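Below are some numbered points to go with the model. Please read them with the coordinates open.

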Amino acid sequence: MSPFQAPAPTRVAATVWGAGLAAYIVATTGRTSLGVAGLQAAERFDISASVLSLFVVVQLAVYAAAQVPVGIVLDKVGSRKVIFTGALILSCGQLMLAFVDTLPLALVARVLVGLGDATAFVSVLRLVPAWFPGQRVPLLTQMTGIVGQTGQIISAVPFLALLLGAGWTTAFASLAALGVFVAFLVLVVVRDHPTARATRRSGESVQPVGTGVEVPAAPVPAEATRVPISAVLREPGTWLGFFTHFVCLFPTNTFMLLWGVPFLTAGQGVSAAAASSLLTLAALTGVVTGPVTGFLQSRHPLRRSWLVLGAVAATVVVWGTVLLPASPRPMWQLALLVIVLTVSATASNIGFDFARTFVPSERLGTATGLVNVGGFVASLVAIFLVGAVLDVVRPDGAYTLDDFRLAMSSQALLWAVGLVGLLLCRRSTRRRMADRGVVVPPVREAVARMRRRRSGAS
């Protein structure tokens, strides 16, 4: 192993990652906490359901807008300081929300929560390649996303119980205290990298160790540590990651964050309990698909875009089979829908692996933030499009299945934009790889080579 590659994982590495992951779990809890308190929020702030949806829009908008600035700061000061500061900002937002009783101040509080949340995921992702060998990074990236989503369970179970039992102020003040706790845990435990020797030098290969394929990064001058955004924007691999996240994440967010339950209950006619079971199935599916996707990424680094395209194709096909018939679908078909939506969300994390592969480590935070923007901007547009179509076809809000069939079909526009961007960026990235001496063979040649190996082994 090169002295400049990350060392083998140790108990210390796992502890550092675990502390960062704890902060991400708390951030996810903050992001989803208001979702389980919708009825109480409507009563506390005396607002309608449509106004309540502003909280979702504000949360996503702030999160997306903060990604690139957070990434730039992350590259300058490191994960430890960014996670610590973000956790304190999130805690301030939760504490403010605990005591305010007017809508404008509540929205300001959610802006703070969104800003604090925006720092967690990209910062933890930056820790992973610094502390673990490259061949483990794809799997740990997937696991970061999966384990981090347990914050939804904290919101849905202990937080909701505290909200119903002790009241609004106590529940949100408790989340604020939890945020302060993890902030100081990160300050004590997390370090940005093991030693100076363990960080990758500019111009070194940034392809995962042990995959058998090395993709040389572009040479980086010493002044690159100032992280000019133009350098990240010129790298086609950055945009390959952007459009991967764009095209894979929006269908899942559109369904899970806002329109899934109305589609299932008002459109498909399933009970609220059945809808909840389907969402639980989605969470459980991620526990399986995340590690599998991470393994395939690491094993076949030159075919990662095919994993993305396969996930998109499966999602489009299954959505088509659900939306084309004019009658409600059986439960097994709806279960298949939430499963492929989870697969799509899992595939979106491959975008971060593209950024890690093609962007030098000095600029990784900026590139990761930009990739993260893709999925959340697409989600905002998709959520808006579905709502706009529903408002046009059914202004009174008495939605039917036909209304949802038309509204959900508007996602086709985002798939078209995302796929075109993905394919164009893949072509540009492969040209850049060829310039650096790495040529991606056609799939038929790769399949033929695998068959020869198997026949030789037998």
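**Notes on the predicted model**

1. Phe263 is a convenient place to start. Beyond its neighbours up to four places away in sequence, Phe263 touches Phe255, Gln268, Trp319, Val322, Leu323, Leu337, Phe404 and Met408. The model is a predicted one, and every value in this note is computed from it.

2. The largest nonpolar core has 94 residues, and the members that touch the most other members are Phe255, Phe263, Leu264, Trp319 and Leu337. Helix H12, residues 236-267, gives the most to this core, with 12 residues. A second core, separate from that one, has 21 residues, among them Ile47, Val58, Val100 and Ala106. In soluble globular proteins, nonpolar side chains tend to be buried together.

3. On overall composition, the protein has 20 helices and zero strands. Of its 458 residues, 52% count as buried. The exposed area of the protein is about 19,200 Å², and carbon and sulfur atoms supply 68% of that area. Taking contacts between residues at least 6 apart in sequence, 83% join residues at least 24 apart.

4. How many salt bridges does the count come to? The count comes to seven. Side chains of opposite charge can pair when their charged atoms come close. Some of the pairs are taken up in the points that follow.

5. Arg31 forms a salt bridge with Asp117, with 2.6 Å between the closest N and O atoms. Arg31 belongs to helix H1 (residues 11-36) and Asp117 to helix H6 (residues 103-117), so this pair ties together parts that are 86 residues apart in sequence. Are the two partners buried or exposed? Both Arg31 and Asp117 are buried.

6. A salt bridge also joins the side chains of Arg432 and Glu235, at 3.3 Å from N to O. This pair links distant parts of the chain, 197 residues apart: Arg432 is in helix H19 (residues 411-435), and Glu235 is in the loop between helix H11 (229-233) and H12. Arg432 has a relative accessible area of 28% and is partly exposed, whereas Glu235, at 6%, is buried.

7. Arg394 and Asp403 form a salt bridge in which the closest N and O atoms are 2.9 Å apart. Arg394 is partly exposed, its relative accessible area being 27%. Asp403 counts as buried because its relative accessibility is 6%, under the 20% limit. Elsewhere, a network of salt bridges links Arg304, Asp353 and Arg356.

8. Gly30 also has its place in helix H1. With a relative accessible area of 1%, Gly30 is buried. Leaving out residues up to four places away in sequence, Gly30 touches Gln94, Arg110 and Val113. Gly30 and Val113 are 83 residues apart along the chain, yet their C-alpha atoms are separated by 6.7 Å.

9. A second glycine to look at is Gly145, which lies in helix H8 (residues 137-148). Gly145 counts as buried, at 11% relative accessibility. Its contacts, again not counting residues up to four places away in sequence, are Tyr24 and Phe121. The C-alpha atoms of Gly145 and Leu125 are 9.2 Å apart in space, and these two residues are 20 apart in sequence.

10. Helix H2 (residues 38-45) has two sides to examine. Gly38, Ala41 and Phe45 are buried in this helix. Why do they line one face? Seen down the axis of H2, the buried residues fall within an arc of 60°, so they line one face of the helix. An α-helix has 3.6 residues a turn, so residues three or four places apart point the same way. Leu39 and Glu43 are exposed on the other side of H2. Asp46 follows H2 and has a positive phi, near 55°.

11. Last, the cysteines. The disulfide count comes to zero. Cys92 is partly exposed, with 48% relative accessible area, whereas Cys425, at 13% relative accessibility, counts as buried.

Technical notes:
Residues numbered from 1 in each chain as written. Predicted model: local features only at pLDDT ≥ 70, side-chain atom pairs only at ≥ 80, totals over all residues. Heavy atoms only, no water. Helix = DSSP H or I, 4+ residues; strand = E, 2+ residues; numbered from the N terminus. Buried < 20%, exposed > 50% of the residue type's maximum accessible area, 1.4 Å probe, protein only. Contact = heavy atoms within 4.5 Å. Disulfide = S-S within 2.5 Å. Core = buried A, V, L, I, M, F, W, Y, C linked by side-chain atoms within 4.5 Å. Salt bridge = Lys/Arg side-chain N within 4 Å of Asp/Glu carboxyl O. Areas by Shrake-Rupley, 256 points an atom, 1.4 Å probe, with all protein chains shown as cover. Arc of directions from axis to C-beta.
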